[in-house]
Amino acid sequence: MKLSGKLDYLEMPATGGTLDRLKAFYSAAFAWSFTDYGPTYSTFAAGLDGGFQADAAEAPAKPLPVLYSRELEKTLAAVESAGGTIVKSIFAFPGGRRFHFVDPAGNELAVWSE
């Protein structure tokens with residue numbers, strides 16, 4: 001059962017032709033396995049699920065913690081109310097919907113829902 005507010009997914013950049021190198025590294029170093037979703041996105045399940053984004057137009061500049069919410073709109077309102085800045089409004093992606101925000105320290109995170 002997924003719990004609201006718990007770290008649920010980690011997305012990391014893999015730009016500059018490094019996706020295959022990253023997959024090879026994590027496979028060799030930690031025995032991670034991957035599932036490809038097209039040529040620029042590959043997911044892994046290593047305790048905390050996550051994925052690498054090789055499309056430079058889509059990749060975060062640094063790792064992107066992604067939290068889960070059962071009520072996305074309510075969570076967006078709570079983030080704004082607490083002082084977070086919404087940097088990407090709710091949008092659909094394969095598998096669900098999400099939004100991105102910056103916390104008061106300048107860290108970008110995302111929140112997703114099915």
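Modeller: Buried here means under 20% relative accessible area, exposed means over 50%, and partly exposed lies in between (1.4 Å probe, protein chains only). The model is predicted: local features need pLDDT of at least 70, side-chain atom pairs count only at pLDDT 80 or more, and totals for chains, interfaces and linings use all residues. Residues are numbered from 1 along each chain as its sequence is written, and side-chain values use heavy atoms, with hydrogens and water left out.

Colleague: Thanks! Which residues of H1 are buried?

Modeller: Helices (H or I, at least four residues) and strands (E, at least two) are DSSP runs, numbered from the N terminus. Asp20, Arg21 and Ala28 of H1 are exposed, on the other side from the buried residues. Those buried residues are Leu19, Leu22, Lys23 and Tyr26.

Colleague: How many degrees of arc do they cover around the axis?

Modeller: The arc is taken from the directions that run from the helix axis to the C-beta atoms. The buried residues sit on the same side of H1, because their arc is only 100°.

Colleague: Which strands help to cover these buried residues?

Modeller: Contact means heavy atoms within 4.5 Å. H1 lies across E1, E2, E3 and E4. What covers its buried residues includes strands E1 (7-13), E2 (34-36), E3 (41-46) and E4 (48-53).

Colleague: How far apart are the end C-alpha atoms of H1?

Modeller: The expected span is 1.5 Å times one less than the number of residues. H1 has twelve residues (19-30), so the expected value agrees with the separation of its end C-alpha atoms, 16 Å.

Colleague: Now the sheet. Which are its edge strands?

Modeller: Two strands pair if DSSP finds at least two bridges between them. The open sheet has eight strands in the order E2-E3-E4-E1-E5-E8-E7-E6, with mixed pairing. Each edge strand pairs on one side only, and these strands are E2 and E6.

Colleague: In which sense do E5 and E8 pair, parallel or antiparallel?

Modeller: On its other flank in the sheet order, E5 is next to E1, and that pair is antiparallel over four bridges. Between E5 (residues 64-68) and E8 there are three bridges, with valine 66 having alanine 110 as its partner. Here the sense is parallel.

Colleague: How many residues of strand E8 are buried?

Modeller: E8 covers residues 108-113 and is largely enclosed by the rest of the structure. Six bridges join E8 to E7, antiparallel, with arginine 98 opposite tryptophan 112. Of the six residues in E8, the number buried is five.

Colleague: Which residue in the turn between E7 and E8 has a positive phi?

Modeller: E7 and E8 form a hairpin with five residues between them. A positive phi of about 95° is found in that turn at glycine 106.

Colleague: Is valine 87 buried or partly exposed?

Modeller: Valine 87 lies in strand E6 (residues 85-93). Its contacts, not counting residues up to four places away in sequence, are His100, Phe101, Val102 and Glu108. With a relative accessibility of 42%, valine 87 counts as partly exposed.

Colleague: Last one: the backbone oxygen of which residue lies 2.9 Å from a polar atom of the threonine 18 side chain?

Modeller: Threonine 18 sits in the loop between E1 and H1, and its relative accessibility of 17% makes it buried. The backbone oxygen of alanine 14 is 3.2 Å from a polar atom of this side chain. At 2.9 Å, the backbone oxygen belongs to threonine 15.

Terms used:
A polar contact is a pair of N or O atoms within 3.5 Å; within protein, one must be able to donate a hydrogen and the other to accept it, and residues adjacent in sequence count only if both atoms are side-chain atoms. Axes are lines fitted to C-alpha atoms, for helices over the stretch in contact, and angles run from 0 to 180 degrees between N-to-C directions.
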